[in-house]
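Visitor: Hey, I've got a structure open and I'm not sure where to start. Could you walk me through it?

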Amino acid sequence: GGRLLSDCDPELLVHLSFTDQVTIASVDIGIADEDKAPSHVYVVANSHLSFEDFEAGVDVGKGVVEAVTPKYVKQGKYQWMHIAIPRQSTRHFQAISKLTVFCPESNDEEYTEIAQIKVFGTAEKGLDWSNGFNCNS
C-alpha cells in the first residue's frame, strides 16, 4: 500500500471515523523512513480537529494524548511508535466514533511520512481489537 506523506511542511493530520462506537486502548504508528518519522504526535478522541485548531492550542489531558520524542521499535518491515492511552485519559477514549492523529513535526524538517496506523481497543458491539485494527494509507 501507499504511505501518508505531508504535502508542503512536516504537519500531517489524519482523521479516522468508526462505524460503531469504540474504546481505544492504544495507537501504533508504523514508519518506513526514520528521517521522515513523526517526532511529536497528538491523538485526540471524538473530534476531527483542523490545523487551525492545533495552532490555537489544545489542552493535553482529557481527550488529548501527546507523545513527544517517541521511541520506535523495529518489528517486521516497519519501526513502530506505541502510544498508550494513559489511565487518567481512559474515560475520554471510551464509546468514541472519531479519532484525530496530528503530527506537527518530524525528524525531517520538510515532510512527515507514516506507513501504517494501528488502533487497538474494543468495539461497543463486542468486536475484539486486541490484535489491532489496521488503517493502511
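Guide: Sure, we'll go through the overall layout, then one strand, then some aromatic rings. Keep in mind that this is a predicted model.

Visitor: How many helices and strands does the protein chain have?

Guide: There is 1 helix, along with 10 strands. Reading from the N terminus, the order goes β-β-β-α-β-β-β-β-β-β-β.

Visitor: And what share of the residues is buried?

Guide: The chain has 137 residues, and 45% of them count as buried. As for the accessible surface, it adds up to about 7,500 Å², with 44% belonging to carbon and sulfur atoms.

Visitor: OK, pick a strand. What's up with β6?

Guide: Strand β6 covers residues 78–84, and 5 of its 7 residues are buried, so the rest of the structure largely encloses it.

Visitor: Which way does β2 run against β6, parallel or antiparallel?

Guide: Antiparallel: strand β2 (residues 12–31) is joined to β6 by 6 bridges. One spot to look at is Ser-26, whose bridge partner in β6 is Ala-84.

Visitor: How many bridges are there between β5 and β6?

Guide: There are 4, and that pairing is antiparallel too, with β5 spanning residues 72–75. Here Lys-74 has Gln-79 as its bridge partner in β6. The two strands make a hairpin with 2 residues between them, and Gly-76 takes a positive phi near 70° there.

Visitor: Switching topic, how many aromatic pairs are there?

Guide: The count is 5 aromatic pairs. One of them is Phe-51 with Phe-102, an edge-to-face pair with 6.0 Å centre to centre and 70° between the planes. Phe-51 sits in helix α1 (residues 51–56) and Phe-102 in strand β7 (residues 96–106), so this pair ties together parts that are 51 residues apart in sequence.

Visitor: Is Phe-102 buried or exposed?

Guide: Phe-102 is buried, at a relative accessible area of 3%, while Phe-51 is partly exposed at 31%. Phe-102 also pairs with Phe-54, and this pair is stacked, at 4.1 Å centre to centre and 20° between the planes. That links helix α1 to strand β7 as well, with the two positions 48 residues apart.

Visitor: Why does Phe-54 count as buried?

Guide: Its relative accessibility is 9%, and buried means under 20%.

Visitor: Which residues make up the aromatic cluster?

Guide: Tyr-42, Phe-51, Phe-54 and Phe-102 form one cluster.

Visitor: Last one: what sits over the ring of Trp-80?

Guide: The charged end of Lys-118 does, 4.7 Å from the ring centre.

Key. Residues are numbered from 1 along each chain as its sequence is written. This is a predicted model: local features need pLDDT of at least 70, side-chain atom pairs count only at pLDDT 80 or more; totals for chains, interfaces and linings use all residues. Side-chain values use heavy atoms; hydrogens and water are left out. Buried means under 20% relative accessible area, exposed over 50%, partly exposed in between (1.4 Å probe, protein chains only). Two strands pair if DSSP finds at least two bridges between them. Accessible areas come from the Shrake-Rupley method with a 1.4 Å probe; for residues, only the protein chains shown count as cover. Rings of Phe, Tyr and Trp (its six-membered ring) pair if their centres lie within 6.5 Å; planes under 30 degrees apart count as stacked, over 60 as edge-to-face and the rest as tilted. A charge sits over a ring if NZ of Lys or CZ of Arg is within 6 Å of the ring centre and within 35 degrees of the ring normal.
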